[in-house]
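Student: I would like to learn how helix packing and chain contacts are read from a model. Could you take me through a case?

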Amino acid sequence: MSLSLTYPRVTTVGDFLALLKPRVMSLVVFTGLAGIVAAPGSLHPLTAFTALLCIAVAAGASGCLNMAYDSDIDGLMTRTARRPIPMGHIAREDALIFGWTLSIGAVATMGLFVNFMAAGLLAFTVFFYVVVYTLWLKRRTAQNIVIGGLAGALPPAIGWAAVTGDLSLAPLLLVAIIFIWTPPHFWALALWRSEDYARAGVPMLPVVKGKPYTRLQIILYTLVLVPLGMAPAALGIGGALYLAAAAGIGLWFLWEAISVYRETDEIKEPAAHRLFGVSLLYLTALFAALIAEKLIGLPALAL
Amino acid sequence: MKDEERWAKDRWVVERRKRNIALALMLAAVAVLFFLMSIVQWREHSGQ
């Protein structure tokens, strides 16, 4: 009998952490923090920490469930083949139990220690990402990430609701920014990963409608995103720093989107790589500016 | 062969112990958080 069969590889804490998609989780926590900081009113620091922890754990659990339900196609794509389930480090059933336990735990904790509005929004976010996006839309329509993007857009509203207990136009505007940002961000990735998606049978826009149509859609969404990204300054949520970041990096975003539209290298897609990076920088800069203004005490513009 | 098997077993035991300690510490951290949050909630509801 071989040694590996006698003593199989132990599933490590690192494997479970990898299931939580830490990089996605960090962006979600960041936008959730912006919602907490931007909301009017105050929250006990430990309650704010608990709210952020619940958002982080629920986001990680959603990622874990996504990996469990998509483990059959993850093994077929270069980008996802080294995830813990296709690598055989964790059994799919264990990942499902882990993911659902964390989801329920995060929502229950949010309801118990923060408020029911935030808990309800958190539960809706997990449901939307796992059931609506992963199980229903992802393999059926090229609009998968357009509609499914709502789940990733909701954390600022959850953070806001954790402080105020309700919703208003301001947090919904932050949600709208991430919602419109998501398609050009993921379509940039899909442009250079289109063969991967085609092999796995995932109907991403470049696979179904072709690259020229995807490039046009990226431009159109970016044209909506840039002014929308500046709108918080007009509504009294953001100040001069926010407006400068939204306008400056927004124009850079648009410039790169135009480069993607005019791209001729369909193999390496260098413009799409750049757009993907700039899109991450854009969202980070917007929410960092929002947080910085509140922490420093810079006044909002309210144009 | 016996040395290799013993080495494999020792490594397996150590890795499993490390994982279990890490999980226990995480659970303990959650328990402490729940305890502290209970105090925060109690103080807020009693108006202190």
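Tutor: The following turns treat two helix pairs and then the contact between chains. This is a predicted model, in which local features need pLDDT of at least 70, side-chain atom pairs count only at pLDDT 80 or more, and totals for chains, interfaces and linings use all residues. Residues are numbered from 1 along each chain as its sequence is written, with chains lettered from A and ligands numbered from 1 in written order.

Student: At what angle do helix 3 and helix 15 of chain A pack?

Tutor: Axes are lines fitted to C-alpha atoms, for helices over the stretch in contact, and angles run from 0 to 180 degrees between N-to-C directions. Helices are DSSP runs (H or I, at least four residues) numbered from the N terminus. Helix 3 (residues 22-38) and helix 15 (residues 270-296) of chain A pack at about 30 degrees, with axes 9 Å apart. That makes helix 3 of chain A roughly parallel (under 35 degrees) to helix 15 of chain A.

Student: What is the angle between helix 10 and helix 13 of chain A?

Tutor: For helix 10 (residues 169-192) and helix 13 (residues 211-234) of chain A, the angle is about 155 degrees and the axes are 9 Å apart. These two helices of chain A are therefore roughly antiparallel (over 145 degrees).

Student: How many residues does each chain bring to the contact of chain A with chain B?

Tutor: Residues are in contact if their C-beta atoms, placed from the backbone, lie within 7 Å. Chain A brings 11 residues and chain B 15 residues. Helix 4 of chain A gives the most to the chain A side, with three residues.

Key. Angles under 35 degrees count as roughly parallel, over 145 as roughly antiparallel, 65 to 115 as roughly perpendicular and the rest as oblique. Two residues are in contact if their C-beta atoms, placed from the backbone, lie within 7 Å.
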